[in-house]
Amino acid sequence: MNYIASQTEGSVRLMGMSTACANASDLGNWLGVKKGLYNFKHSVRPVPLEIFIDGFPEQSGFCPLMQSMNRPAFLAIKTHSPIKPVIIFVASRRQTRLTARDLIAFCGLEDNPRQFLHMPDPELDLLLEKVKDASVKEALSFGIGLHHAGLVESDRQLVEELFTFNKIQVLVATSTLAWGVNLPAHLVVVKGTQFFDAKTEGYKDMDLTDVLQMLGRAGRPQFDSCKSDVAC
């Protein structure tokens with residue numbers, strides 16, 4: 001558009017809007033913004049956001065470190081969002097299954113093991129007949145959904161629908177959910193900010209924009225009017 005304006009010797013007014021962006025100034029410079037660049041902090045969100053950060057001791061490997069976060073994640077749900085929707089972001093498809101299994105185990109120690117399930121058994125049984133993935137079927141029985149790119153479309157759509165209508169309370173997902181899928185959440189738990197990079201065959205830090213996208217899933221004005229929480 002700037003090129004067209006330069007060729008026609010006319011003025012073109014550009015207005016760009018972005019989701020969470022880690023380098024707003026660079027983007028503004030690339031667009032040729034001379035004035036009128038606004039970078040809003042999370043403090044001006046329609047729904048206030050409160051962030052909690054927990055530290056964990058070094059482990060001998062990535063998987064043991066992730067496992068050490070499961071109990072604190074469960075306690076964060078009980079403390080900050082006992083009845084409202086929760087999204088837990090993990091680094092891989094495998095971690096969605098492992099995290100869900102640990103959450104199920106922790107639920108088994110509670111007075112109500114199916115506290116995250118908000119629908120009657122007959123309705124649940126009908127839905128489970130449609131599920132293809134065994135891990136998804138097991139998790140849904142306890143009100144926990146799995147979401148990653150490896151699921152068949154029908155399973156992924158069913159999980160999204162159940163979570164949207166609060167039939168299940170907890171959704172364990174990979175970071176791909178942070179982009180483009182608008183699901184309500186009162187609490188977001190980010191289990192670490194590293195992922196395995198197949199190219200370098202090592203673990204890398206997530207891009208800051210991806211982390212901001214995950215945090216931004218908490219507290220949507222159309223779903224929740226009170227303060228939302230994020231645990232990292």
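This text goes through a predicted model, from the overall chain to a group of aromatic rings.

The chain contains nine helices and eight strands. Its C-alpha trace spans about 70 × 40 × 35 Å along the principal axes. Of its 232 residues, 41% count as buried. Among contacts with a separation of 6 or more, 72% are between residues 24 or more positions apart. The exposed area of the chain is about 13500 Å², and 55% of that comes from carbon and sulfur atoms. The chain carries 24 positive and 25 negative charges, whose mean positions lie 4 Å apart.

Two aromatic pairs occur in the structure. For Phe74 and Phe106 the ring centres are 5.6 Å apart and the planes meet at 40°; an angle from 30 to 60 degrees is neither stacked nor edge-to-face, so this pair is tilted. Phe74 belongs to helix H4 (residues 70–80) and Phe106 to helix H5 (residues 93–108), so that 32 residues separate them and the pair links distant parts of the chain. Both Phe74 and Phe106 are buried.

The other pair joins Phe74 to Phe116, with ring centres 6.2 Å apart. Their planes stand at 70°, which is over the 60 degrees required, and the pair is therefore edge-to-face. Phe116 lies in the loop between H5 and helix H6 (121–128), 42 residues from Phe74 in helix H4, and this pair too links distant parts of the chain. Phe116 is buried, as is Phe74.

Through these ring pairs, Phe74, Phe106 and Phe116 form a cluster. A charge also meets this group: the charged end of Arg71 sits over the ring of Phe106, at 5.1 Å from the ring centre.

Definitions and conventions: Residues numbered from 1 in each chain as written. Predicted model: local features only at pLDDT ≥ 70, side-chain atom pairs only at ≥ 80, totals over all residues. Heavy atoms only, no water. Helix = DSSP H or I, 4+ residues; strand = E, 2+ residues; numbered from the N terminus. Buried < 20%, exposed > 50% of the residue type's maximum accessible area, 1.4 Å probe, protein only. Contact = heavy atoms within 4.5 Å. Areas by Shrake-Rupley, 256 points an atom, 1.4 Å probe, with all protein chains shown as cover. Lys, Arg positive; Asp, Glu negative; His and termini not counted. Charge placed at Lys NZ, Arg CZ, Asp CG, Glu CD. Phe/Tyr/Trp six-rings, centres within 6.5 Å; stacked < 30°, edge-to-face > 60°. Lys NZ or Arg CZ within 6 Å of the ring centre and 35° of its normal.
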